[in-house]
Amino acid sequence: EPLFRSVRLSGFVINSDGKSCDDVNECLTSRPCHQICTNTDGSFKCSCDEGFRLDSDNATCIANEACTLSSCLQRCALIKGVKTCFCRPGFQLQSDGETCLDIDECANSRDNNCDQSCLNRNGSFVCNCTSGFKLNTDGHTCDDVNECLLSLSDCSPGQLCVNTEGSFRCQCPAGTSFVNGSCQVIVLPPTPTPLAVTASASSAPTGVPTPSASIQEGLVAVTIQNLTLAEFNATQFARAIEEAFLNHCNTPSAPCTESNSRKRRNTLVVDVVIVSVIETASSGLKVTFYVSTTGRIFSADLVANSLTSANSTATLKSFGFTVTQIQVVNPPAPTTSGTPTPTEKKGLTDAEIVGIVAGVVGGVVFLIMLSIVIYWIAQSKKSVKVIPVDGDQELKLIRASKKSSPAASS
């Protein structure tokens, strides 16, 4: 299809459709003639009253027969031999036939073609426009001034400038509210739900939800570079975080499920809930959010770790988000030092175990030694015999050998 553009011819004006043209009535817009003006198609024609003729400029009228001004205030002409006074354009001859009085064209809308306001001048008038409009080159029509395009608005950073007829208004992008001097995204989870966000008038400004304790433990804030609040797409951001988080949960070491048997990634459904979006002049866009599934809010550490890998960075960039900082909003408080709380003793110490083992071993050794002694005594009694001896008739105990000699046995 060939390209074309409309060209306005002199004496015509292009209509709003950009194709058709209307004739400009120069007799009403610019008053080019001295006395009589007749509009024509695309032009105009000047003529003069009786006793006058057009000068060489085809606009000014001069008398056919000049006369001295005598008593005429402005101009004089001889018409059929009679002296006649007349006035310059913009003045009206008075009843005395000699003096001229300025015509106040602004007093009657039929005498001026001003679009909005009219300022009378001596022998003429000028058109003006009200605030928020500008006068066109035709000198009488007014066009709206687009303050948004000309950077004339006083909207706060992050607000959108919306042009209106003769003015403008500032508004936050869809899905955001103007709170504390900036536009903030407020996305509340559906109610009723155990993950509902509660509001507290004492701890937060009006309109800003206060997250519950469980939600605060899962809050993560990311800083996005080179992005304004007007350009921020909350749905796109939630999709990017969900994709990065599920990719992380697909790794064997990620504790994304509570049961011992791992769920497959495609069975895990998560929601990314945006709590606030704040635009800062120095660092960019700061988005605070948490990730949840049915009946559970994932820990901020798990979510933050899922966003720090190279794959997650690439995923976020593919959605148009360059994350420069990841922060756990409410990190766990460090353990405070002090007097330890006595705890119930759950088992034996190493020293106690060593003592018990040593006692048992000692007891076993003692029993073994005692058994050996008893056995030795018993065997000794069996191997002793009483033998009568000649001589002094004393009884002597003679230990018999274990094996009796053949002499002894006979």
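**Exercise 1.** Is C142 buried or exposed?

*Solution.* The model is a predicted one.
Step 1. Take the cut-off: a residue counts as buried when its relative accessible area is under 20%.
Step 2. Read the value for C142, which is 10% relative accessibility.
Step 3. C142 therefore counts as buried.

**Exercise 2.** Find the disulfide partner of C142, and describe the link.

*Solution.*
Step 1. The partner is C129, with an S to S distance of 1.9 Å.
Step 2. The two cysteines sit in distant parts of the chain, 13 residues apart. C129 lies in the loop between β12 (124-128) and β13 (133-135), while C142 belongs to strand β14 (residues 142-144).
Step 3. The angle about the S-S bond is -90 degrees, and the link of C129 and C142 is left-handed.
Step 4. For C129 the relative accessible area is 22%; because buried requires a value under 20%, C129 is classed as partly exposed.

**Exercise 3.** How many disulfides does a search of the whole structure find?

*Solution.* The search gives 11 disulfides. Among them is the pair C27 and C37, treated next.

**Exercise 4.** Which elements does the disulfide of C27 and C37 link, and is C27 buried or exposed?

*Solution.*
Step 1. The sulfur atoms of C27 and C37 are 1.9 Å apart.
Step 2. C27 is in helix α1 (residues 26-29) and C37 is in strand β3 (residues 36-40). The two are 10 residues apart, and the pair links distant parts of the chain.
Step 3. This link is left-handed, with -75 degrees about the S-S bond.
Step 4. C27 has a relative accessible area of 16%, so C27 is buried. C37, at 26%, is partly exposed.

**Exercise 5.** Where in the chain are C155 and C170, and what is the handedness of their link?

*Solution.*
Step 1. A disulfide connects C155 with C170, at 1.9 Å from S to S.
Step 2. C155 lies in the loop between β14 and β15 (160-164), and C170 lies in strand β16 (residues 167-171). They are 15 residues apart, in distant parts of the chain.
Step 3. With -85 degrees about the S-S bond, the link is left-handed.
Step 4. C155 has 21% relative accessibility and counts as partly exposed. C170 is also partly exposed, with a relative accessible area of 29%.

**Exercise 6.** Classify C21 by its relative accessible area.

*Solution.*
Step 1. The relative accessible area of C21 is 36%.
Step 2. Partly exposed covers the range between under 20% and over 50%.
Step 3. C21 is therefore partly exposed.

Terms used. Residues are numbered from 1 along each chain as its sequence is written. This is a predicted model: local features need pLDDT of at least 70, side-chain atom pairs count only at pLDDT 80 or more; totals for chains, interfaces and linings use all residues. Side-chain values use heavy atoms; hydrogens and water are left out. A disulfide is a pair of cysteine sulfur atoms within 2.5 Å. Helices (H or I, at least four residues) and strands (E, at least two) are DSSP runs, numbered from the N terminus. Buried means under 20% relative accessible area, exposed over 50%, partly exposed in between (1.4 Å probe, protein chains only).
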